[in-house]
Amino acid sequence: EMPTDFNGYWKMVSNDNFEEYLKALDVNIAIRKIATLLKPDKDIIQNGDHIIIKTLSTFKNYIMDFEVGKQFEEDLSGVDDRKCMTTITWDEDKLVCVQNGEKEGRGWTHWVEGDELHLELRVCGVKCKQVFKKVK
């Protein structure tokens, strides 16, 4: 059975509770104010279990390049400047990320519903929900 196809270019349509999420990461107020105004795009290239997720905005781009199931050190420079030992796995048709580091319960889940890409970000019991619409 093929995993979910995340390939495509996705534009943000909603971003709920993002500032609370950033606050839980101790991101300073100036950066939070900028970040909450952004509507980043996601450009995802998936080849089997090798996935590249580019989060693109006018402020900063963040690129994650990983193999599903293989732990790697993630450098979150430009997010909160911490490093995490990160593992991303398939949970049925969802991609689940666990970021082991200073912050408790850190990670995210990505899934696709129709032409929408969903992302739940988690840290320290705080959840942020983002939705993106496929444009190409």
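Is arginine 82 buried or exposed? In this predicted model, arginine 82 comes out buried, with a relative accessible area of 12%. Its salt-bridge partner is glutamate 102, with N and O 3.2 Å apart. The two sit in separate loops, glutamate 102 between S7 and S8 and arginine 82 between S5 and S6, 20 residues apart. Glutamate 102, unlike its partner, is exposed, at 65% relative accessible area. The contact doesn't stand alone: shared partners join Asp26, Asp80, Arg82, Glu102, Lys103 and Arg106 into one network of salt bridges.

Another pair from that network is aspartate 80 and arginine 106, whose closest N and O atoms are 2.9 Å apart. This one links the loop between strand S5 (72-75) and strand S6 (83-91) to the loop between strand S7 (94-100) and S8, across 26 residues. Here both ends are tucked away: aspartate 80 counts as buried at 12%, and arginine 106 is buried at 4%.

The structure holds 13 salt bridges in total. One of them pairs aspartate 41 with lysine 11 at 3.0 Å, N to O. Aspartate 41 lies in strand S2 (residues 41-47) and lysine 11 in strand S1, so the bridge ties together parts 30 residues apart in sequence. Aspartate 41 is buried at 11%, while lysine 11 is partly exposed at 38%.

Then there's the largest pocket, at about 630 Å³. Its lining takes in 31 residues, with Phe18, Lys42, Thr55, Tyr62 and Val79 nearest the centre. Elements giving two or more residues include strand S1 (8-16), helix H2 (29-37) and strand S9 (116-123), but the largest share, 3 residues, comes from H1. By class, the lining splits into 18 nonpolar, 9 polar and 4 charged residues.

Terms used. Residues numbered from 1 in each chain as written. Predicted model: local features only at pLDDT ≥ 70, side-chain atom pairs only at ≥ 80, totals over all residues. Heavy atoms only, no water. 1 Å grid on protein atoms, 1.4 Å probe; cavity = no way out; pocket = protein on both sides within 12 Å on 5 of 7 lines; lining within 4 Å. Points joined across faces, edges and corners; volume = space filled by probe spheres on them. Helix = DSSP H or I, 4+ residues; strand = E, 2+ residues; numbered from the N terminus. Nonpolar A, V, L, I, M, F, W, Y, C, P; charged D, E, K, R; others polar. Salt bridge = Lys/Arg side-chain N within 4 Å of Asp/Glu carboxyl O. Buried < 20%, exposed > 50% of the residue type's maximum accessible area, 1.4 Å probe, protein only.
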